[in-house]
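Me: I would like to go through some of the terms used for this model. Please set each value against its definition.

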Amino acid sequence: SKQDGNDPSPDTPQEKGVPMAPTLGRRMVAGALASCTAETGTMWLDTAKVRLQVAPKGAPTSLIGILLFVVQNEGIGGLYGGLTPALVRQASYQSIKMGTFDPIRDNIATTIGVKEGEVTPFWVLALAGGLAGSLGTVIATPTEIAKVRMQAGAEGGVIATLKNLHDEVGLVGMWLHPSVIPNVQRSFVVNAAELAAYEYTKNVLVKKMKMEETILVHVIASVASGLMAAITSTPVDMAKTRMMNGDCGASMVHCLAEVAQHAGIMALYASFFATWMRLAPWNVLNFVSLERYKKFLASI
């Protein structure tokens with residue numbers, strides 16, 4: 001129930017139709033738990049995507065081929081080489097993103113006069129998602145770099161990888177790494193698409209089509225979210241990965257141009273299938289579990 005009968009906050013159960021974690025802390029915990037659940041379940045697909053993006057000449061260029069290549073040369077564990085930094089990164093990044101998304105969205109919606117019960121405009125959700133994701137990305141940059149390097153084949157654990165990064169750029173440089181700008185750019189794009197697609201699809205299904213908010217609604221919205229994120233993020237994701245791995249130029253535009261010049265425009269979407277195959281199940285696991293973690297945390 002609402003704490004105040006006059007409170008029009010979109011965070012209330014009446015507005016969204018589901019119980020929601022009422023505090024920033026609970027939203028952050030729900031976001032961290034949900035993202036770690038999704039990350040563990042789809043890590044092997046993310047590793048395949050990264051290996052396709054940095055594959056040397058002669059390496060397999062298909063999803064199945066690269067998976068078999070990694071398993072044959074490194075064993076099953078090779079597909080989970082970056083799991084530890086990935087979970088650390090998700091716990092920090094997603095907790096900040098999901099904790100701040102709601103208040104950013106609500107403040108923008110209130111400012112432009114969105115009324116209770118109305119479907120929040122897509123651009124508001126996209127702006128809120130992009131800003132929340134960018135904030136989380138900046139804070140989690142060192143663990144993101146460590147994850148990518150370990151997935152690309154760097155030896156040693158997460159501590160050794162972070163130490164090598166520290167030796168290269170220093171403590172402050174770990175957050176001011178040359179890749180931080182493309183990383184934030186990629187994060188803004190993918191989160192604007194991902195969060196907006198999920199929220200908008202869910203709101204349309206529940207508020208306009210009058211569907212009961214069940215796991216089916218969450219799955220449909222999650223699939224739409226994953227497809228939208230894959231379409232918009234694949235080129236910048238490739239550029240970000242190559243820059244983090246030291247295989248590309250100093251700017252995202254230069255990196256994209258370099259890849260297009262040497263391998264053609266379609267090379268920018270070389271990892272699209274792997275990206276979508278990764279984002280579709282990741283989003284389903286993430287958002288479906290997020291709704292349940294929110295419900296659980298709101299009840300305690």
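Me: What makes Ala-30, Gly-31, Ala-34 and Met-98 contacts of Leu-290?
Reply: Contact means heavy atoms within 4.5 Å. With neighbours within four places in sequence left aside, Leu-290 is in contact with Ala-30, Gly-31, Ala-34 and Met-98. The model is predicted, so local features need pLDDT of at least 70 and side-chain atom pairs pLDDT 80 or more, while totals for chains, interfaces and linings use all residues. Residues are numbered from 1 along each chain as its sequence is written, and side-chain values use heavy atoms, without hydrogens and water.

Me: Which residues make up part of the second, separate core?
Reply: A nonpolar core is a set of buried Ala, Val, Leu, Ile, Met, Phe, Trp, Tyr and Cys residues joined through side-chain atoms within 4.5 Å. This second core has nine residues, including Leu-63, Leu-67, Val-70 and Leu-79.

Me: Why is Lys-210 called exposed?
Reply: Exposed means over 50% relative accessible area, buried under 20%, and partly exposed in between (1.4 Å probe, protein chains only). Lys-210 has 66%, so Lys-210 counts as exposed.

Me: What is the sign of phi at Lys-210?
Reply: Phi of Lys-210 is positive, near 60 degrees. Most residues other than glycine have a negative phi. Lys-210 lies in the loop between H7 and helix H8 (215-244); helices are DSSP runs (H or I, at least four residues), numbered from the N terminus.

Me: Where does H6 bend?
Reply: H6 bends at Asp-167, by about 85 degrees. That is the angle between axes fitted to the seven residues ending there and the seven starting there.

Notes: Helices (H or I, at least four residues) and strands (E, at least two) are DSSP runs, numbered from the N terminus.
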